[in-house]
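Biologist: I'm new to this one, so could you take me through a single part up close? I'd like to hear about the nonpolar core.

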Amino acid sequence: MSVQVVDLKVEYATNPLGLTTLEPRFFWKSKSSKSNKLQSAYQIQVASDRQLLLDQMVDIWDTAKVNSDESLQITYQGKQLEAEKHYYWRVRIWDEEGIVSEWSEIAYWSMGILERSQWKAKWIGRKPEAHVTKETTSLEIPPAYMRKEFVATKQVKRAMVYASALGLYELSFNGNVISPLFAPGWTDYHKRVQIQAYDVTNVIKQGAQVFSVILGNGWYAGTVGFLGDRVYGARPLFSMQAKIEYTDGTVEEIRTDETWKVTKGPLLYSDMIMGETYDATLELIGYQEAGYDDKEWEVPDTRPGYNALLTGTIEPPIIVAEQLKPISIQKTKDNTYIYDMGQNMVGWVKVAVQGAKGTKITVSHAEMLNPDGSLYLENLRKAVQQDHYILKGIGTEYYEPKFTFHGFRYVELIGYPGEADLDTIIGQVIHSDIPKTGNITTSNAMINQLFSNIDWGQRGNFLSVPTDCPQRDERMGWTGDAQIFARTATYNRDVAKFFDKFYIDMLDCQQPSGAFTDVAPDAGWIRHKMWNTRLNWHAPDNPGWGDAGVIIPWTMYLMYGDKQVLESNYDASVRWIQYLHDMSDNLIRPDYANYEDWLSIGSTTPKELIATAYFAYSTQLVAKIAEIIGKPDDAAYYNQLFVDITKAYQQKFVDEQGKIYGHTQTGYVLSLSFGLLTPEQQKQAVQYLVEDITERGNKLSTGFMGVAYVLPVLSDYAQDDLAYKLLVQEQFPSWLYSVNHGATTIWERWDGWTEHNGFQTPSMNSFNHYAYGSVGEWMYRYMAGMETDEQQSAFKHIHIKPRLDRTLAFVEASYESLYGLIRSNWKITGDQYELTVEIPANTTATVHLPIDGKLGEYELHNLGSGTATFIGKLV
Ligand code: RAM
């Protein structure tokens, strides 16, 4: 068989459970050992049972043969899907010659709870202890332990569990943890709560069973950023319902209600920002097993319902993705141990310890060391990256925290009984499950380290939402950071589900005025005296921040062909543009409420210029989006508005010599990249930009808003040479400056630490912040030259246009697109280049290569799926 259909996905996931969309989307890949393989038609079959498919008794949806080359984003159009049902599906395709493939393997998905009335479980928590008042901090509200026993009387056909919390929960069934880390994830809990679905058919046994839960405050009731605690609510609550179908057709439901039992346990507190204390002497031995005596436990506090929207989980689960062994250990004069994990990472360490009952050990975490070798804790602000464990004194005890995480490279073990060594701790690297899709290796080891730092910056901060940093009391979903890094993020890792959730977070906190906020989810509530008062400091219309509400959905269209996001986000985008329009003066945006070109170095780009540039950019994107989703009148309107803004922009900000107001790199690159200049002004802008960079000794001066555009603009205007000079610059400020000084992640500031000044101000100095890592976008799109086509997005048609340059002897890059693997490898030997390209079945590519060996001009080669090598001369 020449083509095989593989990797079936629904809503970007393999066999997802508990979906609540009634129109799930299908995806598959075609695999072939032959070149030039294209799909000409497909057939999808959906049935309510696996066997029905095999028996050709398709009862839910049969598309029959559909003439189409689409293998992504195919929307379900069969019978109405029903709550809590499993659906099985398979697909086959016809190739370009009309030869039909075998049927794929059977995949499935399940539907979750679709109507509020179907959510019958109560929300349960622990009644506050006597001393708790509104003034009590959440650290005094310990995690609750809950349990419920029941007996499965008959043989089970299927057992499904649906659960969620206001707070964080860890759910175990018969002693096995079945929930992911930090479930249910972070949303604006006032608007939306995600429900997780679990299939426990394989763990359920006949007889007595136990559900047990640990319930923490999390984002809901614990500390969020620097906003304090109890941002969404006073105490956490848990809700769960299980449906057990027996083989005889009967059904039993277990729901959270007054019959559950609750108590407190060994976790004295566990807070996202403030760390944790676990007293093992208080362990509730055996509570996860049937038959445990919970007579002394309390009756839970129950709430019949909760008003927010309960939806199926969109975000990928948070997982322990990797374990890291420390690379060194140092005993200090105070008898503590300082470990180097060799990598700035996010998560925690698991500690093995033996000692007397009641001994307390402390695990402290930091990103950097002070000159004297001690942990550098100053940049944590109010965050406490410390976990404490009190030993029960029985054998070897293992400890790792539950509802907290830290950003660190160095670990100090304090109060450790006995001698610690390299095997005493192991690092648990956690993040949302965003599998690696992109890779780049070059002949330059420092560039490779930079690439690794970019990826680790993403891994450290993609945790339910794209946070800015993982260590200090912040860790919030800053939208500006997310949009500037979005393209890099999508190449590096599969963030389809992750961004599918995040754009909803942004929608949830769009202001009534139409303004998108600068953090999402909205964490703008404050407790205490201002209880229930919206905290207003999150300025709602920061240019480059709020614009994420348009840019991220657009990026999802480019990389994943996701038109559904464009559609469901469209009204919000329109409101955003209208808001910007209303708040402008003759199409020039004001200079208030603005982070400028955040953390730029040695230059200040005027606020109104950045604001107007982003206004134009978002407007143009909305015009494109309108076109794509079939609204030509809107497209014409926004195209005209874009033209009008550019005219106003030119008049206001560009002088007769083509100098742009402020005369900064960011001003030039935004103007060029967003298409705001006349052809003549473009030439002048490129010249000023090049001059500015060269006058600074081939160095940049951009902050968050300009950084991602510098190298792409240089490459777009035939300045690859200068782009490479910036890339490999090692002098301060540059990407490689931090690499040269041992960085293993991207820093928040170019000058987070310098030889001349040491540490920057501890009041804001993160060493794990991905915004400057947005140079990764240039590495994929230009250096390796793997680019999609706006008209045939998601790499259906691929442009391979590598920027060959003798700065590097070779570049090897790959990207696992939704169609399959794309590869672009080039090397230069003497004056000869060799490019090897691979593209997946059901795609085509145009390869752009230098004409007569001259860089900057290209001739085109067309490539069908498969591999091809091109050899040529470089001048
Ligand atoms: C700080 C962080 C964050 C940035 C805001 C404006 O909180 O650097 O990344 O987006 O400022």
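Modeller: Sure. Keep in mind that this is a predicted model. The largest nonpolar core has 218 residues, and the ones that touch the most other members are Phe-182, Phe-499, Tyr-614, Leu-711, Leu-714 and Trp-735. Helix α8, which covers residues 607-628, gives this core its largest share, with twelve residues.

To see what one of those busy members is up to, pick Leu-711. Leaving aside residues up to four places away in sequence, Leu-711 touches Ala-723, Leu-726, Leu-727, Trp-735, Val-775 and Trp-778. Trp-735 is thus on both lists: it is a contact of Leu-711, and it is named with the members that touch the most others.

Apart from the largest core lies another one, made of 29 residues, including Ala-163, Leu-171, Tyr-198 and Phe-238.

If you want to look around further, try the open sheet of five strands, with antiparallel pairing and the order β13-β12-β15-β10-β18. Its edge strands, β13 (176-177) and β18 (261-264), each pair on one side only. Strand β10, residues 144-152, pairs with β18 over four bridges, in the antiparallel sense. There you can spot Met-146 opposite Val-262 of β18.

One last stop is Glu-84, in the loop between β6 (74-75) and β7 (86-95). Glu-84 counts as buried because its relative accessibility is 14%, and the cut-off for buried is under 20%. Not counting residues up to four places away in sequence, Glu-84 touches Met-111, Gly-112, Ile-113, Tyr-162 and Lys-243.

Key:
Residues numbered from 1 in each chain as written. Predicted model: local features only at pLDDT ≥ 70, side-chain atom pairs only at ≥ 80, totals over all residues. Heavy atoms only, no water. Core = buried A, V, L, I, M, F, W, Y, C linked by side-chain atoms within 4.5 Å. Buried < 20%, exposed > 50% of the residue type's maximum accessible area, 1.4 Å probe, protein only. Helix = DSSP H or I, 4+ residues; strand = E, 2+ residues; numbered from the N terminus. Contact = heavy atoms within 4.5 Å. Pairing = 2+ DSSP bridges.
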